[in-house]
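Biologist: I'm new to this one, so could you walk me through it? I'd like to hear the reasoning behind the labels.

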Amino acid sequence: MNASRLLLFTCLSLACAGPAPAQAEAPAAVTAPAAPSLTEAEKADGWRLLFDGKSLAGWRSPKSETPPAGWQAADGELTRIDKGGDIITAEEFGDFELVLDWKISAAGNSGILYRVGLSEPRIFHTGPECQVLDNLEANDRFKPSRRAAALYDLVAPPADHTKPVGEWNTVRILIRGWRIEHWLNGVLVVETDLASPEGKALIAGSKFNKMTKFATLPRGHIALQDHNDLVSFRNIRIRELK
């Protein structure tokens with residue numbers, strides 16, 4: 001076969017074979033939600049996790065030692081998905097620094113309460129609350145002292161530092177005695193002392209004025225409020241202060 005015929009035969013063979021089969025693409029990697037964790041430096045500084053990201057271990061109902069049915073632990077998040085009531089830590093805490101992330105649904109309302117006792121009918125009869133709220137649509141937005149990160153019904157944040165609904169917000173709560181700080185997304189938004197004359201006047205002018213045990217307990221549970229709305233929490237960590 002001469003060179004010209006060989007070239008023609010090669011071209012015809014390639015044409016009949018058709019295009020080369022496409023290479024199958026590798027499936028996209030699925031990133032698993034990060035489990036909550038602490039660095040060695042954080043552990044050395046006294047931090048520990050209150051939520052393991054996968055179970056309700058360490059949490060209970062105010063009314064029983066088992067967790068309420070309406071809460072779910074999955075993918076690193078603790079989520080109120082249905083009726084069940086408030087959820088509280090099994091442990092009690094006195095002076096502490098608490099840091100966590102929260103994500104609220106549209107028009108949603110919830111809260112983080114601390115030094116909660118079990119002798120009263122409702123958790124807010126004893127424990128002050130750091131408000132969790134959609135500041136754009138929830139009913140409580142109309143009163144400044146009931147907006148996100150407020151010391152509920154007592155001290156209003158000076159400005160709105162929330163992120164849009166569906167995004168995570170980071171709260172930091174410090175309590176020493178009855179001196180309280182609330183931080184939202186890195187900004188100090190509440191600073192007060194409920195044991196001071198000014199703090200007592202705030203309580204007297206609020207919905208808590210007839211609740212005789214409100215803001216009186218030296219130790220108590222940390223609670224996440226069931227306000228009938230979808231809300232999620234994650235990276236819940238605490239260190240007790242001397």
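Biologist: Which residue in E4 is the bridge partner of Ala73?

Modeller: That's Leu78. Keep in mind that this is a predicted model.

Biologist: What makes E3 and E4 a pair of strands?

Modeller: Pairing takes at least two bridges. E3 (residues 71-74) and E4 (residues 77-80) are joined by four bridges, so they pass that cut-off. The two strands run antiparallel. Their hairpin has two residues between the strands, and Asp75 takes a positive phi near 55° there.

Biologist: Which side chains of E3 are buried, and which are not?

Modeller: Trp71 and Ala73 point to one face and are buried, while Gln72 and Ala74 point to the other and are not. Buried means under 20% relative accessible area. In a regular strand, side chains alternate between the two faces of the sheet.

Biologist: Why are the links from Arg239 to Asp45 and Glu97 called polar contacts?

Modeller: The cut-off is 3.5 Å between N or O atoms. The side chains of Arg239 and Asp45 are joined at 2.8 Å, and those of Arg239 and Glu97 also at 2.8 Å, so both fall within the cut-off. Arg239 sits in strand E13 (residues 231-240), and its contacts beyond its sequence neighbours also include Gly46, Trp47 and Phe96.

Biologist: Which residues have the most contacts inside the largest nonpolar core?

Modeller: Leu98, Trp102, Ile112, Phe233 and Ile236, in a core of 52 residues. Strand E6 (residues 96-104) gives the largest share of this core, five residues. Away from its sequence neighbours, Ile236 touches Leu78, Leu98 and Trp59, among others.

Technical notes:
Residues numbered from 1 in each chain as written. Predicted model: local features only at pLDDT ≥ 70, side-chain atom pairs only at ≥ 80, totals over all residues. Heavy atoms only, no water. Polar contact = N/O pair within 3.5 Å; in protein donor to acceptor, adjacent residues only side chain to side chain. Contact = heavy atoms within 4.5 Å. Buried < 20%, exposed > 50% of the residue type's maximum accessible area, 1.4 Å probe, protein only. Core = buried A, V, L, I, M, F, W, Y, C linked by side-chain atoms within 4.5 Å. Lists of a residue's contacts leave out its neighbours within four places in sequence.
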